[in-house]
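Work through the following exercises with the sequence and the model in view, trying each task before reading its solution.

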Amino acid sequence: MAEVKLHGRWYSPFPYRVIWALKLKGISYEYIEEDLSNKSPLLLQYNPVHKKIPVLVHSGKPICESMIIIEYIEEKWPQTPLLPSDPYEKAKARFWVKFVEEKAPAFWSLYRSTGEEQKKALKDSSETLKIVEEQGLGEKKFFGGDSIGIVDIAFGVIAHWFGVFEEIVEVKVLEAHAFPRLHAWKVNFEEVPVIKENLPDRDKMLDYFKKRRIESLSASQ
Amino acid sequence: MEELKLLGAWPSIYCYRVIWALKLKGVKYEYVEEDLSNKSDHLLQYNPVHKKVPVLVHHGKPVAETSVILEYIEEIWPQNPLLPNDPFEKALARFWTKFEEDKSPAFFAFFRGVGEEQEKATKEAKQLLKIIEDHGLGEKKFFGGNKIGLVDLAFGWLSAWLEVMEEVVGIKLMEANSFPRLEAWNKSFKEEPMIKENLPDRDEMLPYFKSLREKLIASATT
């Protein structure tokens, strides 16, 4: 069997997208934890342009960028498809993947900022959630329909990490009364066995991100 | 004939990417010029989320976002493929089209900047060009290898558009001496018949970009 390796970092959302795709398709892989404060020569060799994780290495060849990795996985291992087969529906799915990628910074910004900047992040993330709920999800259980697909995976990490950030900054945005369908989606998504069994430890995350927020806010003063 | 429309706005680099893809594949379409200062009901209906061009409308169904449109075109009309067949090479091509998308703000900053901000943007843009030349293009004739592919279309604006922007800004970004391989690519790209016949007119672009830069500088200082 060809060798599949995934370079990641336990607290980073993006490797989880790849983990979920690999697990959903039943693909065996070796996980390699990278220390981002001391990047391995291998990582720098595999991703010389961005020097970032995740990197999927298949038979020695590196693929970078989480959603590009998933498109690669989808083509190499077509079982449990994550993309619709109809080209138009596929285009719609890719549209929403791109949308959530573009809007993700506002979600991190809520966690990284204070004051006016945080207020703006709050507004931006709420607006994004509204569009995602009304036009992306609609009445569906999952973005992929009855089962999860590429958009659920793309947005799933953002929503999960956002939940941790909301707790740290003590601001609730993705609430059931404000976003009933999206809130229900998040609950359903995180109940899917592959997702549920492959999320980072929440206490560890809270601890890590709390510390990091304090450090970065004091560094910027 | 399949009903195919492209909603675009001159001289949008994104719209030209779609035009090139359709032309390279010999696909007939109807072009609809949109007035972005007075968006049509159709545009708002077809792209309610972003309200932007390009939008491809196939049998009445709209596809928005340039990279998504290009992947759709590639699948529906597989002749003259613009993406490699091999999944790994395909992933590399998608890496570079994403790189171009992610880094376009830096080039935009070069175009609309003044003074110190502009110096910083120029430096950053040159660094990006170096990465694109060294890692993206390498020794190949085109980003796509021996023939044009999606990555060439993604960087296509470095040809006709950048020259005009450089003239308006008064700074040469892609100097031939500093970026010999990109310069060679530029020449090859513009010589390709389907590209050569589908480039915006330089004399029309000059006043357009001059006026755009003035507007951007004015709005930044107010």
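A residue is called buried when its relative accessible area is under 20%, exposed when that value is over 50%, and partly exposed in between. The model is a predicted one, and the exercises below should be read with that in mind.

**Exercise 1. Decide whether A:Arg17 is buried or exposed, and describe its surroundings.**

Step 1: locate the residue, which sits in helix 1 of chain A, residues 13-24.
Step 2: apply the cut-off; because its relative accessibility is 0%, A:Arg17 counts as buried.
Step 3: look for what its side chain meets, and the backbone oxygen of A:Ala154 is reached at 2.8 Å.
Step 4: leaving aside neighbours within four places in sequence, list the contacts of A:Arg17, which include A:Ser66, A:Met67, A:Glu101 and A:Val157.

**Exercise 2. Find which parts of chain A are tied together by the salt bridge of A:Arg9 and A:Glu33.**

Step 1: check the distance, for the closest N and O atoms of A:Arg9 and A:Glu33 are 2.8 Å apart.
Step 2: place both partners; A:Arg9 lies in the loop between strand 1 (4-8) and helix 1 of chain A, and A:Glu33 lies in strand 2 (residues 30-33), so the pair ties together parts that are 24 residues apart in sequence.
Step 3: judge the accessibility of each partner; A:Arg9, at 17%, counts as buried, whereas A:Glu33, at 36%, counts as partly exposed.

**Exercise 3. Describe the interface of chain B and chain A, beginning with how many residues are in contact.**

Step 1: count the residues, which gives 29 of chain B in contact with 28 of chain A.
Step 2: turn to the area, since the size of an interface is often given as the accessible area lost when the parts come together. Between chain B and chain A about 2500 Å² is buried, and carbon and sulfur atoms give 69% of this. On the side of chain B, the residues that lose the most area to chain A are B:Val49, B:Phe88 and B:Phe95, together accounting for 24% of what that side buries.
Step 3: count the polar links, which come to 7 salt bridges between the two chains and 5 residue pairs in polar contact, both residues being at pLDDT 80 or more.
Step 4: ask which elements supply the side of chain B that touches chain A; those giving two or more residues are strand 4 (61-64), helix 3 (66-76), helix 4 (87-112) and helix 5 (115-137) of chain B. Helix 4 of chain B provides the largest share, 11 residues.
Step 5: sort this side of chain B by class, which yields 15 nonpolar, 5 polar and 9 charged residues.

**Exercise 4. Trace the salt bridges that A:Glu71 and A:Arg94 form with chain B.**

Step 1: start with A:Glu71, which pairs with B:Arg94, their closest N and O atoms being 3.9 Å apart. A:Glu71 lies in helix 3 of chain A (residues 66-76) and B:Arg94 in helix 4 of chain B, so the pair joins two chains. Both A:Glu71 and B:Arg94 are buried.
Step 2: continue with A:Arg94, whose salt bridge with B:Glu71 has its closest N and O atoms 3.8 Å apart. This pair crosses between chains too, running from helix 4 of chain A to helix 3 of chain B. A:Arg94 and B:Glu71 are both buried.
Step 3: set B:Glu71 in its helix, since helix 3 of chain B is mostly covered, with 8 of its 11 residues buried. These buried residues pack against helix 4 (87-112) of chain A, and also against several elements of chain B, among them helix 1 (13-24) and strand 3 (55-58).

**Exercise 5. Contrast B:Glu133 with B:Lys120, saying for each whether it is buried or exposed.**

Step 1: place both residues; B:Glu133 is found in helix 5 of chain B, and B:Lys120 is in helix 5 of chain B as well.
Step 2: apply the cut-offs; B:Glu133, at 2% relative accessibility, counts as buried, while B:Lys120, at 61%, counts as exposed.
Step 3: follow the side chain of B:Glu133, which reaches the backbone nitrogen of B:Leu182 at 3.0 Å. Leaving aside neighbours within four places in sequence, its contacts include B:Gly138, B:Ser178 and B:Pro180.

Definitions and conventions. Residues are numbered from 1 along each chain as its sequence is written. Chains are lettered from A and ligands numbered from 1 in the order in which they are written. This is a predicted model: local features need pLDDT of at least 70, side-chain atom pairs count only at pLDDT 80 or more; totals for chains, interfaces and linings use all residues. Side-chain values use heavy atoms; hydrogens and water are left out. Contact means heavy atoms within 4.5 Å. Buried area is the accessible area (1.4 Å probe) that two parts lose on being put together, summed over both. A salt bridge is a side-chain nitrogen of Lys or Arg within 4 Å of a carboxyl oxygen of Asp or Glu. A polar contact is a pair of N or O atoms within 3.5 Å; within protein, one must be able to donate a hydrogen and the other to accept it, and residues adjacent in sequence count only if both atoms are side-chain atoms. Helices (H or I, at least four residues) and strands (E, at least two) are DSSP runs, numbered from the N terminus. Ala, Val, Leu, Ile, Met, Phe, Trp, Tyr, Cys and Pro count as nonpolar, Asp, Glu, Lys and Arg as charged, and the others, Gly among them, as polar. Buried means under 20% relative accessible area, exposed over 50%, partly exposed in between (1.4 Å probe, protein chains only).
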